[in-house]
Amino acid sequence: MSSDEEVREEKELDLSSNEVVTKYKTAAEIINKALKLVLAECKPKAKIVDICEKGDNFITEQTGNVYKNVKRKIERGIAFPTCLSVNNTVCHFSPLATDDTVLQENDMVKIDMGCHIDGFIAVVAHTHVIKDGPVAGRAADVLAAANTAAEVAMRLVRPGKKNKDVTEAIQKVAAAYDCKIVEGVLSHQLKQFVIDGNKVVLSVSNADTKVDDAEFEENEVYAIDIVTSTGEGKPKLLDEKQTTIYKRAVDKNYHLKMKASRFIFSEISQKFPIMPFTARALEEKRARLGLVECMNHELLQPYPVLHEKQGDLVAHIKFTVLLMPNGSDKVTSHSLQELQPTISIEDNAEIKGWLALGTKSKKKGGGKKKKGMYGYLGSSAFCYSLIHVACTYRTYFSHLIGKKGDAAEAAEPMDVSEQSQE
(Lines give C-alpha, C1' and ligand atoms only; values in the text may rest on other atoms or scores of the structure.)
Protein backbone atom coordinates (compact mmCIF):
# COMPACT_ATOMS: atom_id res chain seq x y z
CA MET A 1 0.00 0.00 0.00
CA SER A 2 1.39 3.42 -0.95
CA SER A 3 1.85 6.22 1.60
CA ASP A 4 -0.98 8.20 -0.06
CA GLU A 5 -3.34 5.23 0.30
CA GLU A 6 -2.33 4.82 3.96
CA VAL A 7 -3.09 8.48 4.66
CA ARG A 8 -6.44 8.21 2.85
CA GLU A 9 -7.38 5.07 4.78
CA GLU A 10 -6.45 6.75 8.07
CA LYS A 11 -8.64 9.75 7.22
CA GLU A 12 -11.60 7.48 6.48
CA LEU A 13 -11.67 6.32 10.12
CA ASP A 14 -13.53 9.43 11.34
CA LEU A 15 -16.55 11.48 10.37
CA SER A 16 -14.65 13.40 7.69
CA SER A 17 -15.50 10.38 5.51
CA ASN A 18 -19.07 10.13 4.21
CA GLU A 19 -18.71 6.34 4.16
CA VAL A 20 -17.92 6.28 7.88
CA VAL A 21 -20.88 8.53 8.66
CA THR A 22 -23.13 6.21 6.65
CA LYS A 23 -21.91 3.17 8.59
CA TYR A 24 -22.52 4.87 11.94
CA LYS A 25 -26.01 5.90 10.85
CA THR A 26 -26.79 2.43 9.45
CA ALA A 27 -25.80 0.88 12.78
CA ALA A 28 -27.88 3.51 14.59
CA GLU A 29 -30.95 2.79 12.48
CA ILE A 30 -30.68 -0.93 13.26
CA ILE A 31 -30.19 -0.44 17.00
CA ASN A 32 -33.12 1.99 17.19
CA LYS A 33 -35.34 -0.64 15.55
CA ALA A 34 -33.97 -3.30 17.91
CA LEU A 35 -34.80 -1.11 20.90
CA LYS A 36 -38.34 -0.63 19.62
CA LEU A 37 -38.71 -4.41 19.25
CA VAL A 38 -37.43 -5.08 22.77
CA LEU A 39 -39.69 -2.41 24.25
CA ALA A 40 -42.71 -4.08 22.68
CA GLU A 41 -41.73 -7.34 24.42
CA CYS A 42 -41.50 -5.77 27.89
CA LYS A 43 -44.76 -6.98 29.40
CA PRO A 44 -45.74 -8.56 32.72
CA LYS A 45 -44.68 -12.24 33.03
CA ALA A 46 -42.29 -12.04 30.06
CA LYS A 47 -38.99 -13.85 30.71
CA ILE A 48 -36.03 -11.47 30.64
CA VAL A 49 -33.72 -13.98 28.93
CA ASP A 50 -36.22 -14.48 26.10
CA ILE A 51 -36.37 -10.74 25.47
CA CYS A 52 -32.57 -10.47 25.52
CA GLU A 53 -32.27 -13.27 22.97
CA LYS A 54 -34.86 -11.64 20.70
CA GLY A 55 -32.91 -8.38 20.81
CA ASP A 56 -29.60 -10.07 20.01
CA ASN A 57 -31.11 -12.19 17.23
CA PHE A 58 -32.68 -9.13 15.62
CA ILE A 59 -29.35 -7.26 15.63
CA THR A 60 -27.53 -10.25 14.14
CA GLU A 61 -30.16 -10.67 11.43
CA GLN A 62 -30.41 -6.99 10.49
CA THR A 63 -26.67 -6.32 10.41
CA GLY A 64 -26.25 -9.46 8.31
CA ASN A 65 -28.54 -7.98 5.67
CA VAL A 66 -26.37 -4.91 4.97
CA TYR A 67 -23.02 -4.61 3.17
CA LYS A 68 -23.31 -8.15 1.81
CA ASN A 69 -22.20 -7.46 -1.76
CA VAL A 70 -18.93 -5.64 -1.16
CA LYS A 71 -15.41 -6.49 -2.28
CA ARG A 72 -13.88 -6.37 1.20
CA LYS A 73 -15.45 -8.48 3.94
CA ILE A 74 -17.06 -6.17 6.50
CA GLU A 75 -17.45 -7.28 10.10
CA ARG A 76 -20.84 -6.43 11.58
CA GLY A 77 -23.10 -7.56 14.39
CA ILE A 78 -23.60 -7.10 18.13
CA ALA A 79 -21.44 -4.45 19.78
CA PHE A 80 -23.06 -4.89 23.20
CA PRO A 81 -25.45 -7.72 24.14
CA THR A 82 -29.03 -6.87 25.06
CA CYS A 83 -29.44 -6.24 28.80
CA LEU A 84 -32.60 -5.73 30.87
CA SER A 85 -31.90 -4.40 34.35
CA VAL A 86 -34.95 -3.94 36.59
CA ASN A 87 -35.72 -1.43 39.39
CA ASN A 88 -32.66 -1.16 41.72
CA THR A 89 -30.44 -3.23 39.39
CA VAL A 90 -28.19 -0.70 37.72
CA CYS A 91 -26.79 -2.45 34.66
CA HIS A 92 -25.58 -5.48 32.68
CA PHE A 93 -28.29 -8.01 33.58
CA SER A 94 -28.40 -10.42 30.64
CA PRO A 95 -29.09 -13.84 32.17
CA LEU A 96 -28.29 -17.33 30.96
CA ALA A 97 -30.90 -19.52 29.27
CA THR A 98 -31.63 -21.36 32.54
CA ASP A 99 -32.71 -18.16 34.35
CA ASP A 100 -36.47 -17.83 34.96
CA THR A 101 -36.64 -14.15 36.02
CA VAL A 102 -39.76 -12.47 34.65
CA LEU A 103 -40.97 -8.87 34.41
CA GLN A 104 -43.74 -7.58 36.64
CA GLU A 105 -46.28 -4.76 36.45
CA ASN A 106 -44.71 -1.39 37.45
CA ASP A 107 -41.13 -2.65 36.97
CA MET A 108 -38.69 0.04 35.87
CA VAL A 109 -36.79 -1.67 33.05
CA LYS A 110 -33.47 -0.40 31.71
CA ILE A 111 -32.66 -1.67 28.20
CA ASP A 112 -29.03 -1.45 27.07
CA MET A 113 -27.75 -2.68 23.68
CA GLY A 114 -25.42 -1.91 20.77
CA CYS A 115 -24.45 -2.95 17.25
CA HIS A 116 -21.71 -2.14 14.75
CA ILE A 117 -21.07 -1.99 11.03
CA ASP A 118 -17.40 -2.45 10.12
CA GLY A 119 -16.51 -1.63 13.72
CA PHE A 120 -18.41 1.67 13.73
CA ILE A 121 -20.55 1.37 16.84
CA ALA A 122 -23.99 2.68 17.79
CA VAL A 123 -25.22 2.09 21.34
CA VAL A 124 -28.42 3.01 23.12
CA ALA A 125 -30.02 2.66 26.55
CA HIS A 126 -33.61 3.48 27.46
CA THR A 127 -35.77 3.22 30.58
CA HIS A 128 -39.41 2.12 30.52
CA VAL A 129 -41.93 1.56 33.31
CA ILE A 130 -44.29 -1.36 32.66
CA LYS A 131 -47.63 0.35 33.16
CA ASP A 132 -50.43 2.05 31.29
CA GLY A 133 -50.77 5.80 31.55
CA PRO A 134 -48.25 8.40 32.76
CA VAL A 135 -45.38 7.66 35.14
CA ALA A 136 -45.67 9.60 38.40
CA GLY A 137 -43.96 9.95 41.80
CA ARG A 138 -40.29 9.16 42.39
CA ALA A 139 -40.19 6.93 39.31
CA ALA A 140 -41.02 10.01 37.24
CA ASP A 141 -38.43 12.08 39.14
CA VAL A 142 -35.54 9.70 38.48
CA LEU A 143 -36.54 9.27 34.82
CA ALA A 144 -36.89 13.04 34.34
CA ALA A 145 -33.49 13.51 36.00
CA ALA A 146 -31.85 11.07 33.56
CA ASN A 147 -33.61 12.52 30.54
CA THR A 148 -32.88 16.16 31.42
CA ALA A 149 -29.25 15.33 32.23
CA ALA A 150 -28.97 13.59 28.85
CA GLU A 151 -30.43 16.63 27.07
CA VAL A 152 -28.00 18.94 28.87
CA ALA A 153 -25.07 16.63 28.07
CA MET A 154 -26.12 16.58 24.43
CA ARG A 155 -25.71 20.38 24.34
CA LEU A 156 -22.37 20.41 26.16
CA VAL A 157 -20.67 17.61 24.21
CA ARG A 158 -19.52 19.89 21.43
CA PRO A 159 -16.18 21.03 20.01
CA GLY A 160 -14.40 23.41 22.38
CA LYS A 161 -16.15 22.19 25.54
CA LYS A 162 -14.40 20.08 28.19
CA ASN A 163 -15.41 16.71 29.65
CA LYS A 164 -15.50 18.21 33.16
CA ASP A 165 -18.17 20.69 31.99
CA VAL A 166 -20.51 17.75 31.36
CA THR A 167 -19.67 16.02 34.66
CA GLU A 168 -20.49 19.12 36.70
CA ALA A 169 -23.70 19.87 34.80
CA ILE A 170 -25.31 16.42 34.98
CA GLN A 171 -24.72 16.24 38.74
CA LYS A 172 -26.52 19.58 39.17
CA VAL A 173 -29.43 18.34 37.07
CA ALA A 174 -29.82 15.15 39.13
CA ALA A 175 -29.66 17.14 42.37
CA ALA A 176 -32.44 19.42 41.11
CA TYR A 177 -34.71 16.34 41.03
CA ASP A 178 -33.44 15.16 44.45
CA CYS A 179 -31.64 12.26 42.75
CA LYS A 180 -28.02 11.18 42.35
CA ILE A 181 -25.88 10.45 39.32
CA VAL A 182 -24.62 6.90 39.80
CA GLU A 183 -20.89 6.67 40.44
CA GLY A 184 -18.52 4.69 38.23
CA VAL A 185 -20.36 5.27 34.95
CA LEU A 186 -18.17 6.50 32.11
CA SER A 187 -19.18 8.00 28.77
CA HIS A 188 -16.59 6.90 26.22
CA GLN A 189 -15.39 8.16 22.88
CA LEU A 190 -16.18 5.58 20.18
CA LYS A 191 -13.72 4.66 17.45
CA GLN A 192 -13.62 1.91 14.88
CA PHE A 193 -13.74 -1.39 16.82
CA VAL A 194 -13.23 0.55 20.09
CA ILE A 195 -16.25 0.74 22.39
CA ASP A 196 -14.32 2.25 25.32
CA GLY A 197 -12.02 4.92 23.92
CA ASN A 198 -9.52 6.81 26.08
CA LYS A 199 -11.42 10.10 25.99
CA VAL A 200 -14.11 9.80 28.65
CA VAL A 201 -16.67 11.80 30.59
CA LEU A 202 -16.82 10.90 34.28
CA SER A 203 -20.28 10.64 35.82
CA VAL A 204 -19.22 11.72 39.32
CA SER A 205 -15.90 13.34 40.15
CA ASN A 206 -14.38 12.30 43.46
CA ALA A 207 -11.03 11.50 45.07
CA ASP A 208 -11.22 7.81 44.15
CA THR A 209 -12.12 8.24 40.49
CA LYS A 210 -10.32 10.66 38.20
CA VAL A 211 -9.88 10.94 34.44
CA ASP A 212 -7.69 13.12 32.28
CA ASP A 213 -9.11 16.48 31.22
CA ALA A 214 -10.14 16.36 27.58
CA GLU A 215 -11.70 18.67 25.03
CA PHE A 216 -14.31 17.52 22.54
CA GLU A 217 -13.30 17.88 18.88
CA GLU A 218 -15.05 17.93 15.54
CA ASN A 219 -15.50 14.53 13.82
CA GLU A 220 -15.46 12.59 17.10
CA VAL A 221 -18.17 10.14 18.23
CA TYR A 222 -19.31 9.58 21.83
CA ALA A 223 -21.57 7.22 23.75
CA ILE A 224 -23.09 9.48 26.40
CA ASP A 225 -24.14 7.34 29.37
CA ILE A 226 -26.42 8.79 32.06
CA VAL A 227 -27.55 6.73 35.07
CA THR A 228 -29.59 8.31 37.88
CA SER A 229 -30.81 6.89 41.19
CA THR A 230 -33.25 7.77 43.96
CA GLY A 231 -30.70 6.18 46.30
CA GLU A 232 -27.09 7.01 47.17
CA GLY A 233 -25.72 6.40 43.67
CA LYS A 234 -23.07 4.00 44.98
CA PRO A 235 -23.91 0.60 43.47
CA LYS A 236 -22.47 -2.68 44.70
CA LEU A 237 -21.71 -6.11 43.27
CA LEU A 238 -23.92 -8.59 45.15
CA ASP A 239 -23.33 -11.83 43.26
CA GLU A 240 -20.47 -12.53 40.85
CA LYS A 241 -22.45 -15.42 39.36
CA GLN A 242 -24.84 -12.88 37.79
CA THR A 243 -22.03 -11.61 35.52
CA THR A 244 -22.53 -12.96 32.00
CA ILE A 245 -21.04 -10.22 29.79
CA TYR A 246 -17.33 -10.10 29.06
CA LYS A 247 -14.85 -8.57 26.66
CA ARG A 248 -11.56 -10.03 25.49
CA ALA A 249 -8.61 -8.23 27.12
CA VAL A 250 -6.49 -7.93 23.98
CA ASP A 251 -3.37 -6.81 25.87
CA LYS A 252 -3.26 -9.96 28.08
CA ASN A 253 -1.86 -13.40 27.31
CA TYR A 254 -1.61 -16.61 29.34
CA HIS A 255 -1.23 -20.31 28.56
CA LEU A 256 -4.39 -21.80 30.03
CA LYS A 257 -4.06 -25.14 31.82
CA MET A 258 -7.56 -26.63 31.54
CA LYS A 259 -8.78 -28.09 28.27
CA ALA A 260 -12.25 -26.54 28.78
CA SER A 261 -10.63 -23.11 29.28
CA ARG A 262 -8.56 -23.42 26.11
CA PHE A 263 -11.66 -24.47 24.14
CA ILE A 264 -13.74 -21.56 25.42
CA PHE A 265 -10.96 -19.01 24.96
CA SER A 266 -10.43 -20.22 21.39
CA GLU A 267 -14.17 -19.84 20.74
CA ILE A 268 -14.12 -16.33 22.20
CA SER A 269 -11.07 -15.32 20.15
CA GLN A 270 -12.72 -16.51 16.93
CA LYS A 271 -16.26 -15.20 17.49
CA PHE A 272 -15.73 -12.17 19.74
CA PRO A 273 -12.13 -10.94 19.34
CA ILE A 274 -12.92 -7.31 20.23
CA MET A 275 -16.56 -6.59 21.11
CA PRO A 276 -18.33 -7.52 24.38
CA PHE A 277 -20.30 -10.76 24.31
CA THR A 278 -22.71 -12.77 26.45
CA ALA A 279 -21.86 -16.17 27.89
CA ARG A 280 -25.17 -17.38 26.39
CA ALA A 281 -23.40 -17.35 23.01
CA LEU A 282 -20.82 -19.92 24.18
CA GLU A 283 -21.02 -23.69 24.55
CA GLU A 284 -22.69 -23.69 27.98
CA LYS A 285 -21.19 -26.69 29.81
CA ARG A 286 -17.57 -25.84 28.99
CA ALA A 287 -18.19 -22.12 29.50
CA ARG A 288 -18.92 -22.53 33.20
CA LEU A 289 -15.47 -24.00 33.86
CA GLY A 290 -13.50 -22.21 31.18
CA LEU A 291 -14.60 -18.66 32.00
CA VAL A 292 -13.36 -18.99 35.59
CA GLU A 293 -9.75 -19.69 34.60
CA CYS A 294 -9.87 -16.99 31.90
CA MET A 295 -11.06 -14.50 34.51
CA ASN A 296 -8.49 -15.59 37.07
CA HIS A 297 -5.73 -14.71 34.63
CA GLU A 298 -7.35 -11.46 33.44
CA LEU A 299 -7.87 -12.63 29.87
CA LEU A 300 -11.40 -11.28 30.01
CA GLN A 301 -12.85 -7.98 31.23
CA PRO A 302 -16.14 -8.57 33.10
CA TYR A 303 -19.19 -6.30 33.01
CA PRO A 304 -20.59 -6.96 36.50
CA VAL A 305 -24.26 -6.69 37.44
CA LEU A 306 -24.46 -3.87 39.99
CA HIS A 307 -27.26 -2.96 42.39
CA GLU A 308 -28.46 -0.02 44.43
CA LYS A 309 -30.29 -0.75 47.70
CA GLN A 310 -33.60 -2.59 47.60
CA GLY A 311 -36.40 -0.08 47.03
CA ASP A 312 -34.23 2.41 45.16
CA LEU A 313 -35.12 3.21 41.56
CA VAL A 314 -32.52 3.57 38.82
CA ALA A 315 -32.99 5.11 35.36
CA HIS A 316 -30.59 4.78 32.44
CA ILE A 317 -30.37 6.76 29.20
CA LYS A 318 -27.54 6.37 26.71
CA PHE A 319 -27.20 7.80 23.23
CA THR A 320 -24.65 7.94 20.43
CA VAL A 321 -23.72 11.41 19.20
CA LEU A 322 -21.71 12.36 16.11
CA LEU A 323 -19.83 15.68 16.38
CA MET A 324 -20.37 16.74 12.79
CA PRO A 325 -19.00 19.97 11.26
CA ASN A 326 -22.53 21.44 11.24
CA GLY A 327 -23.29 20.43 14.84
CA SER A 328 -24.06 17.51 17.13
CA ASP A 329 -26.16 14.70 15.67
CA LYS A 330 -27.80 12.33 18.19
CA VAL A 331 -28.38 9.17 16.16
CA THR A 332 -29.76 6.77 18.81
CA SER A 333 -32.70 7.41 21.12
CA HIS A 334 -36.34 6.60 21.88
CA SER A 335 -39.14 8.81 23.17
CA LEU A 336 -40.11 8.53 26.84
CA GLN A 337 -43.48 7.78 28.39
CA GLU A 338 -45.43 10.73 29.74
CA LEU A 339 -43.85 11.81 33.02
CA GLN A 340 -45.46 13.57 35.99
CA PRO A 341 -42.50 14.32 38.29
CA THR A 342 -43.04 15.65 41.80
CA ILE A 343 -40.34 18.29 41.27
CA SER A 344 -40.28 21.10 38.70
CA ILE A 345 -37.13 22.72 37.31
CA GLU A 346 -39.00 25.63 35.69
CA ASP A 347 -37.37 28.11 38.06
CA ASN A 348 -33.85 26.70 37.67
CA ALA A 349 -32.19 29.32 35.48
CA GLU A 350 -28.92 27.41 35.09
CA ILE A 351 -30.56 24.24 33.76
CA LYS A 352 -32.89 26.23 31.51
CA GLY A 353 -29.85 28.05 30.16
CA TRP A 354 -28.15 24.76 29.24
CA LEU A 355 -31.31 23.44 27.61
CA ALA A 356 -31.60 26.64 25.56
CA LEU A 357 -28.24 25.98 23.90
CA GLY A 358 -28.42 24.90 20.28
CA THR A 359 -27.01 21.65 18.97
CA LYS A 360 -26.05 22.99 15.53
CA SER A 361 -22.91 24.99 14.75
CA LYS A 362 -23.22 28.54 13.51
CA LYS A 363 -21.91 29.09 10.00
CA LYS A 364 -18.89 31.33 9.74
CA GLY A 365 -19.19 34.65 7.96
CA GLY A 366 -21.86 36.60 9.81
CA GLY A 367 -25.58 36.53 10.43
CA LYS A 368 -28.48 35.05 8.54
CA LYS A 369 -28.79 35.69 4.84
CA LYS A 370 -31.90 37.58 3.82
CA LYS A 371 -34.23 36.00 1.31
CA GLY A 372 -34.87 37.66 -2.04
CA MET A 373 -32.46 39.14 -4.54
CA TYR A 374 -31.94 42.54 -2.96
CA GLY A 375 -31.44 41.27 0.56
CA TYR A 376 -29.06 38.54 -0.60
CA LEU A 377 -26.94 40.62 -2.94
CA GLY A 378 -26.24 43.41 -0.47
CA SER A 379 -25.80 47.11 -1.15
CA SER A 380 -28.44 49.18 -2.96
CA ALA A 381 -25.78 50.68 -5.25
CA PHE A 382 -24.75 47.22 -6.45
CA CYS A 383 -28.39 46.18 -6.91
CA TYR A 384 -29.12 49.34 -8.92
CA SER A 385 -26.18 48.58 -11.22
CA LEU A 386 -27.32 44.98 -11.65
CA ILE A 387 -30.87 46.05 -12.49
CA HIS A 388 -29.59 48.61 -14.99
CA VAL A 389 -27.45 45.96 -16.74
CA ALA A 390 -30.37 43.49 -16.76
CA CYS A 391 -32.73 46.06 -18.31
CA THR A 392 -30.18 46.95 -20.99
CA TYR A 393 -29.71 43.29 -21.97
CA ARG A 394 -33.46 42.65 -21.87
CA THR A 395 -34.10 45.49 -24.30
CA TYR A 396 -31.31 44.26 -26.57
CA PHE A 397 -32.52 40.60 -26.62
CA SER A 398 -36.18 41.65 -27.03
CA HIS A 399 -35.17 43.57 -30.12
CA LEU A 400 -33.42 40.46 -31.49
CA ILE A 401 -36.05 37.79 -30.77
CA GLY A 402 -39.29 39.75 -30.84
CA LYS A 403 -42.15 37.82 -29.32
CA LYS A 404 -39.82 35.56 -27.38
CA GLY A 405 -38.87 38.61 -25.38
CA ASP A 406 -42.51 39.06 -24.37
CA ALA A 407 -42.61 35.44 -23.24
CA ALA A 408 -39.54 36.04 -21.13
CA GLU A 409 -41.27 39.00 -19.51
CA ALA A 410 -44.17 36.81 -18.40
CA ALA A 411 -41.93 34.13 -16.89
CA GLU A 412 -41.41 34.00 -13.10
CA PRO A 413 -38.23 35.75 -11.92
CA MET A 414 -35.41 33.46 -10.67
CA ASP A 415 -34.89 33.45 -6.92
CA VAL A 416 -31.14 34.13 -6.71
CA SER A 417 -31.02 33.25 -3.06
CA GLU A 418 -32.32 29.70 -3.70
CA GLN A 419 -29.56 28.91 -6.16
CA SER A 420 -26.90 30.37 -3.93
CA GLN A 421 -27.80 28.50 -0.74
CA GLU A 422 -25.26 25.91 0.40
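How exposed is Tyr67, in terms of relative accessible area? In this predicted model, Tyr67 is partly exposed, and its relative accessible area is 23%.

**View 1. Tyr67 in the loop between α3 and β1.** The residue shown, Tyr67, belongs to the loop that runs between α3 (48-64) and β1 (76-86). Its phi is near 55 degrees, which is a positive value in a residue other than glycine. Most residues other than glycine have a negative phi. With a relative accessible area of 23%, Tyr67 counts as partly exposed, because the buried class is reserved for values under 20%.

**View 2. Asn106 in the loop between β2 and β3.** Asn106 lies in the loop that separates β2 (89-91) from β3 (108-117), and its phi, near 75 degrees, is again a positive value in a residue other than glycine. The relative accessible area of Asn106 is 48%, and the residue is therefore partly exposed, since exposed residues are those over 50%.

**View 3. Ser203 and its surroundings in the loop between β8 and β9.** Ser203 is located in the loop between β8 (200-202) and β9 (221-229), where it is buried, with a relative accessible area of 4%. Leaving aside residues up to four places away in sequence, Ser203 touches Thr167, Ile170, Gln171, Ile181, Val182, Glu183, Gly184 and Val185.

**View 4. Polar contacts of the Ser203 side chain with Val182 and Val185.** A polar atom of the Ser203 side chain lies 3.0 Å from the backbone oxygen of Val182, and the side chain of Ser203 also reaches the backbone oxygen of Val185, at 3.0 Å.

Terms used. Residues numbered from 1 in each chain as written. Predicted model: local features only at pLDDT ≥ 70, side-chain atom pairs only at ≥ 80, totals over all residues. Heavy atoms only, no water. Helix = DSSP H or I, 4+ residues; strand = E, 2+ residues; numbered from the N terminus. Buried < 20%, exposed > 50% of the residue type's maximum accessible area, 1.4 Å probe, protein only. Polar contact = N/O pair within 3.5 Å; in protein donor to acceptor, adjacent residues only side chain to side chain. Contact = heavy atoms within 4.5 Å.
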